[in-house]
Amino acid sequence: DWTPDSFIETTIAALREKLGDDKVVLGLSGGVDSSVAAVLLHHAIGKNLHCIFVDNGLLRKDEYEQVLDSYKHMGLNIKGIDAKQRFYDALTGLKDPEKKRKAIGRVFIEVFDDAAHEVQDVKWLGQGTIYPDVIESVSVKGPSATIKSHHNVGGLPDFMKLKVVEPLNTLFKDEVRRVGKALNIDPNILGRHPFPGPGLAIRILGDVTPEKVAILQEADAIYINNLRSYGVYDKVWQAGAIFLPVQSVGVMGDERTYENVICLRAVESLDGMTADWCHLPYDLLAKISNEIINNVKGINRVVYDISSKPPATIEWE
Ligand code: XMP
């Protein structure tokens, strides 16, 4: 019978056997899969697992610091890399969603490759690939998919020539969560909503600037914190705020304002392939809207997305 404990025990033994004294490099994203994969590998080979966590400047507010901190508390051998500026530079002036994704994927590979080179004699690349990724569900567009799409472009970066170790590649998402729970991983990491690899860059329509990122981070934090305090965060499959580069007229005291719009998105889904918009309570939406408009400079209007997938997608880009 499959149980999280039996899986953990046999997987750790198999990893020790396979890896011996070899070193493994693994990119952490803050998501469930890479975190669980890292903790399993850490139990198996300890300090020979070298984790890399990249700040691409497109994460949620304070997420880089908080996630890095909880990884350190778990005892992981982890290096955080502040690469914000490299990502912002690469995104300057780009408006097309696919060009933005490609630029982010390219910079991520460069930054990760540099970091991997600093690990002497590394033999393996660890990945949090789960079974649905293996069977190539189109719903999966994670970092590994981003990396795969770059296989054809130019020469392979060195880390992609490493042997690959994927301890979760037989598991479904709910099994990964159960394994993570049995490994005592922070419930905040295990219960997270999915978050796209390109991050807030695809929730800022059109060109991305550090100023827009800062505005969106504030609005998104107000939104997510309210979902948590109202007790609905865990009932929502995925939620996030979107920055619309549309200006509209408002009034603040005696002044006329002409500022941007924040759109709130929340969906129920099983796998991201189809999704229904969540019927969030009006009083909650009202509170979030007031808090955003009163506290986030540059925003004078908040709207709620009531489109389901299909035909709309979950993300706006
Ligand atoms: P859509 O917008 O296609 O999103 O309905 C379905 C799921 O995929 C996520 N998503 C991405 N994840 N890189 C990722 O890692 C991407 O480029 C990307 N685009 C969409 C989205 O957040 C949702 O969970």
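A residue is taken as buried if 20 or more other C-beta atoms lie within 10 Å of its own, and as exposed if 12 or fewer do so. In this predicted model, S34 has 24 C-beta neighbours inside 10 Å and therefore counts as buried. Residue S34 is found in helix 2, which spans residues 32-45. Leaving aside neighbours within four places in sequence, the contacts of S34 are L26, G27, L28, S29 and G128. The adjoining S35 also lies in helix 2. With 27 C-beta neighbours inside 10 Å, S35 is buried because the count meets the threshold of 20 or more. Not counting residues up to four places away in sequence, S35 touches L28, G180, I185 and I189. Both serines appear in an annotation: an unreviewed UniProt entry lists S29, G30, G31, V32, D33, S34 and S35 under "binding site".

The domain assignment of the chain gives domain 1, covering 4-190, and domain 2, covering 209-304. Taken over C-alpha atoms, the centres of domain 1 and domain 2 are separated by 29 Å. Six residues from domain 1 and nine residues from domain 2 take part in the contact. On the side of domain 1 that touches domain 2, the residues divide into two nonpolar, two polar and two charged.

The largest nonpolar core comprises 75 residues, and those with the most contacts inside it are V24, L26, V36, A38, L41, C51 and A219. Helix 2 gives the most to this core, contributing nine residues. Since domain 1 (4-190) and domain 2 (209-304) both give residues to the core, it lies between them. Such an arrangement can be set beside a general tendency: in soluble globular proteins, nonpolar side chains tend to be buried together. For C51, the contacts beyond four places in sequence are L26, L28, A38, Y71, L76, N77 and I78; L26 and A38 are themselves among the core residues with the most contacts. Residue L26 is also in contact with S34, and L28 is touched by S35.

Around the ligand there are 13 residues, of which P196, G197, T313, I314 and E315 come nearest. The residues of this shell divide into four nonpolar, five polar and four charged. One of the nearest residues, G197, has its place in the loop between helix 9 (187-190) and helix 10 (210-229). With 21 C-beta neighbours inside 10 Å, G197 counts as buried, since 20 or more are required. The C-alpha atoms of G197 and L183 are separated by 25 Å, the two residues being 14 residues apart along the chain.

Two cis peptide bonds are described in consecutive positions of the chain. One joins K309 and P310, with omega about -15°, and another joins P310 and P311, with omega about 5°. Residue P310 is found in the segment after strand 9 (299-304), and P311 lies in the segment after strand 9 as well.

Positive phi values in residues other than glycine are present at D62 and N184. For D62, phi is near 60°, and the residue lies in the loop between strand 2 (49-55) and helix 3 (63-73). With 11 other C-beta atoms within 10 Å, D62 is exposed, because the limit for this class is 12 or fewer. For N184, phi is near 65°, and the position falls in the loop between helix 8 (173-182) and helix 9. Having 9 C-beta neighbours inside 10 Å, N184 likewise counts as exposed.

Helix 4, residues 84-91, contains F87. This phenylalanine has 24 other C-beta atoms within 10 Å and is therefore buried. Not counting residues up to four places away in sequence, F87 touches N56, G57, L58, I104 and V107. The C-alpha atoms of F87 and A312 are separated by 28 Å, with their positions 225 residues apart along the chain taken as the sequence separation.

Definitions and conventions. Residues are numbered from 1 along each chain as its sequence is written. This is a predicted model: local features need pLDDT of at least 70, side-chain atom pairs count only at pLDDT 80 or more; totals for chains, interfaces and linings use all residues. UniProt positions are given in the numbering used here, feature names are shortened, and annotations may be inferred rather than shown by experiment. Helices (H or I, at least four residues) and strands (E, at least two) are DSSP runs, numbered from the N terminus. Two residues are in contact if their C-beta atoms, placed from the backbone, lie within 7 Å. A residue is near a molecule or strand if its C-beta atom, placed from the backbone, lies within 6 Å of it. Ala, Val, Leu, Ile, Met, Phe, Trp, Tyr, Cys and Pro count as nonpolar, Asp, Glu, Lys and Arg as charged, and the others, Gly among them, as polar. Domain bounds come from an automatic or database domain assignment. A nonpolar core is a set of buried Ala, Val, Leu, Ile, Met, Phe, Trp, Tyr and Cys residues joined through C-beta atoms within 7 Å.
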